[in-house]
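Subject: Structure handover

Dear colleague,

I am passing on to you the structure shown below, a predicted model, together with some notes on what was found in it. Please look through it at your own pace before reading on.

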Amino acid sequence: MTLLSPPTLPTSPLARTLREQQGAHGDLVLIVDDVPDNLAVLHDALDESGYTVLIATNGEQALQRAAQARPDIVLLDAMMPGIDGFEVARRLKADAATAHIPIVFMTGLTETEHLVAALEAGGVDYVTKPIKPKEVLARMNVHLQGARRARQEAHQAGQARNALDAFGYASITVRLPEGRLIWQTALARELLARYCETQAPETPPAVLGWLRQHAPDARARGIEPPALVIAQGARSLSLRLHRQTGEDDAGDEWMIVMREVSDTAVIEAMSLSLKLTAREAEVLYWVVKGKTNKDIGEILGSSPATAKKHLERVYVKLGVETRTAAAGVAIKRIRELQPQFEL
């Protein structure tokens, strides 16, 4: 029997260990109920089916355990003294760390208004009391399968985000229909503050209007919309709809890639993606622009010999031997990172 009860509070590493050591399912279930008999019946049924079980006997414990252990699903009693199940669900859904966890309400209230309240609070389903363990297991299995698919999609989206970061992109994820900005890279935060004077969770009005206009065609027909360009003096911010990263009954999520078009932005992107120092990236940039070592020295306030030394280090890092080859690598990367930039 795998029963974790007060005062032992599992940490995330412990929860992961439990998942690894558990049987076929490896899923972590949090049961929240203030009636010991209900807990015992459900615990035994779940334990026999191979699940790892956490219990909480009140709303406060439920919030603590969910935050620490990140269960795969929560079975939540609707009516409890103190913080009731409806409020527990609302708090779990309001926290980004636990918002993804499916919640199945357990309730003795069968009036439509109470069932609607359970779903509005964030529940994905409900079972009525007295609890029938086989019914609970069947309902749980459906929602756990959906949660696994969502986790897989989130993992794939995370890999895409990491790849974008590695190549110097700034990216954000916006959730529709509410238009909330739910994720951003550090560079994206800086760019939105500078160009739009906004910060998460607010999505800039121009960006949100553009996304709402084009998302239906992108979703239905896979059509990539024209880029949105926000100009600011000699610089501009180009936004492109990258991909849909998630979808559920409440809405969908879209990743937007942003690129600042300017000499400085190109140099910074080259530095990040080609693993060059800032000065090496500057030298390579001016090589791409057709400048000689003498020209580069004058532009950077150094000597031609210094420019040549930096360029020789660039050759080594890029695995090339000539100025032309180095420029070719840089041009290819610039076109990937800044397709609107004119070389």
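Five strands form an open sheet in the order E8-E7-E11-E10-E9, and the pairing within it is antiparallel. Its edges are strand E8 (180-184) and strand E9 (228-232), each of which pairs on one side only. Neighbouring strands of this sheet are turned against each other by 30 degrees on average, if direction is ignored. At the E8 side, strand E7 (residues 170-176) and E8 run antiparallel and are joined by four bridges, and Thr173 stands opposite Trp183 in E8. Helix H7 (residues 186-196) lies across E7, E8, E9, strand E10 (235-248) and strand E11 (251-261), and its direction is at about 80 degrees to E7.

A second set of strands is centred in these notes on E5, and here the pairing is parallel. Strand E4 (residues 73-77) pairs with E5 over four bridges in the parallel sense, with Asp77 standing opposite Met106 in E5. Between these two strands the chain passes from E4 through helix H4 (residues 85-94) to E5, making a β-α-β crossover that is right-handed. E5 also pairs in the parallel sense with strand E6 (residues 125-128), again over four bridges, and the bridge partner of Thr107 in E6 is Thr128.

How many of the five residues of strand E5 are buried? In strand E5 (residues 103-107), five of the five residues are buried, that is, under 20% relative accessible area, so the strand is largely enclosed by the rest of the structure. This holds for both directions in which the residues point: Ile103, Phe105 and Thr107 point one way from E5, Val104 and Met106 point the other way, and all are buried.

Finally, there is a pair of packed helices to look at. Helix H10 (residues 278-288) and helix H12 (residues 304-318) pack at an angle of about 95 degrees, and their axes are 9 Å apart. Angles of 65 to 115 degrees count as roughly perpendicular, and H10 and H12 are therefore roughly perpendicular to each other. On the H10 side the contact is made by Arg279, Glu280, Val283, Leu284 and Val287, and on the H12 side by Ala307, His310, Leu311, Arg313, Val314, Lys317 and Leu318. By character, the residues of this contact between H10 and H12 divide into seven nonpolar, one polar and four charged.

With best wishes

Terms used:
Residues numbered from 1 in each chain as written. Predicted model: local features only at pLDDT ≥ 70, side-chain atom pairs only at ≥ 80, totals over all residues. Heavy atoms only, no water. Axes fitted to C-alpha atoms, helices over the stretch in contact; angles between N-to-C directions. Parallel < 35°, antiparallel > 145°, perpendicular 65-115°, else oblique. Contact = heavy atoms within 4.5 Å. Nonpolar A, V, L, I, M, F, W, Y, C, P; charged D, E, K, R; others polar. Buried < 20%, exposed > 50% of the residue type's maximum accessible area, 1.4 Å probe, protein only. Pairing = 2+ DSSP bridges. Right-handed = clockwise from strand over helix to strand, strands pointing away.
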